[in-house]
Amino acid sequence: MHEVSIAEEIKDIVIKNLKKNNAKKVKRIVLQIGKLTSIVPDALLFAFEVISKNTPLENAKVEIETIEIKAKCKSCKKVFKLENFEYQCPSCKKTDFQIIEGREMVIRTIEMEG
Ligand SMILES: [Zn+2]
């Protein structure tokens, strides 16, 4: 389950931020996960709950938002959402494009207290 190592990574980043801000507890974390990552949100939430025990992250509310897959056509430069695995540009119908969003995982918000 690679969600555990991802959760560990998030925990490290959040704790670093916590120290930088002299805060003691994390109230809320908002994560954005691209649809092209293989991260399963429920598995990540579960992993997070387990690894945050007895850390400043315990009981923090974790919210997950999904990032849609966006591509840019190499011919006409149109940016479009990739849906239903329709792999062609909606405007010029070419299939030569670049994925520009959807592969990333971002920590968007960390709310701290104390
Ligand atoms: Zn195009």
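Asn22 sits in the loop that joins helix H1 (3-20) to strand E1 (25-34). In this predicted model, its phi is near 55°, a positive value in a residue other than glycine. Most residues other than glycine have a negative phi. The side of the story that concerns solvent is simple: Asn22 has 65% relative accessibility and counts as exposed.

A second asparagine invites a look alongside it. Asn54 is found in the loop between H2 and E2, and although it is not a glycine, its phi is positive, at about 60°. Asn54 is exposed, because its relative accessible area of 74% is over the 50% cut-off.

**The chain as a whole**

Stepping back, the chain has two helices and six strands. Reading along the sequence gives the pattern α-β-α-β-β-β-β-β. The radius of gyration is 18 Å, well over the 13 Å that the globule rule gives for 114 residues, so the chain is more spread out than a compact globule. The C-alpha trace spans about 55 × 30 × 15 Å along its principal axes.

How much of the chain is buried? Buried residues account for 32% of the 114 residues. The accessible surface comes to about 7,300 Å², and carbon and sulfur atoms make up 49% of that surface. Among the contacts with a separation of 6 or more, 70% are between residues 24 or more positions apart.

**Strand E1 and its partners**

Ile29 is a good place to see contacts between distant parts of the sequence. This residue lies in strand E1 and is buried, with a relative accessible area of 0%. Leaving out residues up to four places away in sequence, Ile29 touches Val14, Phe48, Leu57, Lys61, Val62, Glu63, Ile107 and Thr109. One of these, Val14, is 15 residues away along the chain, and its C-alpha atom is separated from that of Ile29 by 8.7 Å.

Val106 gives another view of the strands. It lies in strand E6 (residues 105-113) and is partly exposed, with a relative accessible area of 31%. Not counting neighbours within four places in sequence, Val106 is in contact with Val30, Leu31, Gln32 and Ile67. Val106 and Gln32 are 74 residues apart in sequence, yet their C-alpha atoms are 5.0 Å apart in space.

**The largest pocket**

Which residues line the largest pocket? They are Leu45, Phe48, Glu49, Ser52, Lys53, Leu57, Glu58, Asn59, Ala60 and Val62. The volume of this pocket is about 170 Å³. Helix H2 (residues 41-51) supplies the largest share of the lining, three residues. Sorted by class, the lining holds five nonpolar, two polar and three charged residues.

Ser52, one of the lining residues, belongs to the loop between H2 and strand E2 (61-67). Is Ser52 buried or exposed? With a relative accessible area of 5%, Ser52 is buried, because that value is under 20%. Setting aside residues up to four places away in sequence, Ser52 touches Leu57 and Glu58. Both of these contact partners are also listed in the pocket lining. Phe48, Leu57 and Val62 from that lining are among the residues touched by Ile29 as well.

**Loops around strand E4**

Lys77 is placed in the loop between strand E3 (70-73) and E4, and its 53% relative accessibility makes it count as exposed. On the other side of E4, Asn84 is in the loop between strand E4 (79-81) and strand E5 (97-101). Asn84 counts as exposed too, at 67% relative accessibility.

How do separations in sequence and in space go together? The pairs below set the two side by side, with the spatial values taken from C-alpha to C-alpha.

| Pair | Apart in sequence | Apart in space |
|---|---|---|
| Lys77 and Cys89 | twelve residues | 9.4 Å |
| Ile29 and Val14 | 15 residues | 8.7 Å |
| Asn84 and Glu111 | 27 residues | 35 Å |
| Val106 and Gln32 | 74 residues | 5.0 Å |

For your own viewing, Asn84 and Glu111 mark a pair with 35 Å between their C-alpha atoms, while Val106 and Gln32 mark one with 5.0 Å.

Technical notes. Residues are numbered from 1 along each chain as its sequence is written. This is a predicted model: local features need pLDDT of at least 70, side-chain atom pairs count only at pLDDT 80 or more; totals for chains, interfaces and linings use all residues. Side-chain values use heavy atoms; hydrogens and water are left out. On a 1 Å grid over the protein atoms alone, a cavity is a set of points where a 1.4 Å probe fits but cannot get out, and a pocket is an open set with protein on both sides within 12 Å along at least five of seven lines; lining residues have an atom within 4 Å of a point. Grid points are joined across faces, edges and corners, and a volume is the space filled by probe spheres set on the points. Helices (H or I, at least four residues) and strands (E, at least two) are DSSP runs, numbered from the N terminus. Ala, Val, Leu, Ile, Met, Phe, Trp, Tyr, Cys and Pro count as nonpolar, Asp, Glu, Lys and Arg as charged, and the others, Gly among them, as polar. The radius of gyration is taken over C-alpha atoms; the globule rule is 2.2 Å times the number of residues to the power 0.38. Buried means under 20% relative accessible area, exposed over 50%, partly exposed in between (1.4 Å probe, protein chains only). Contact means heavy atoms within 4.5 Å. Accessible areas come from the Shrake-Rupley method with a 1.4 Å probe; for residues, only the protein chains shown count as cover.
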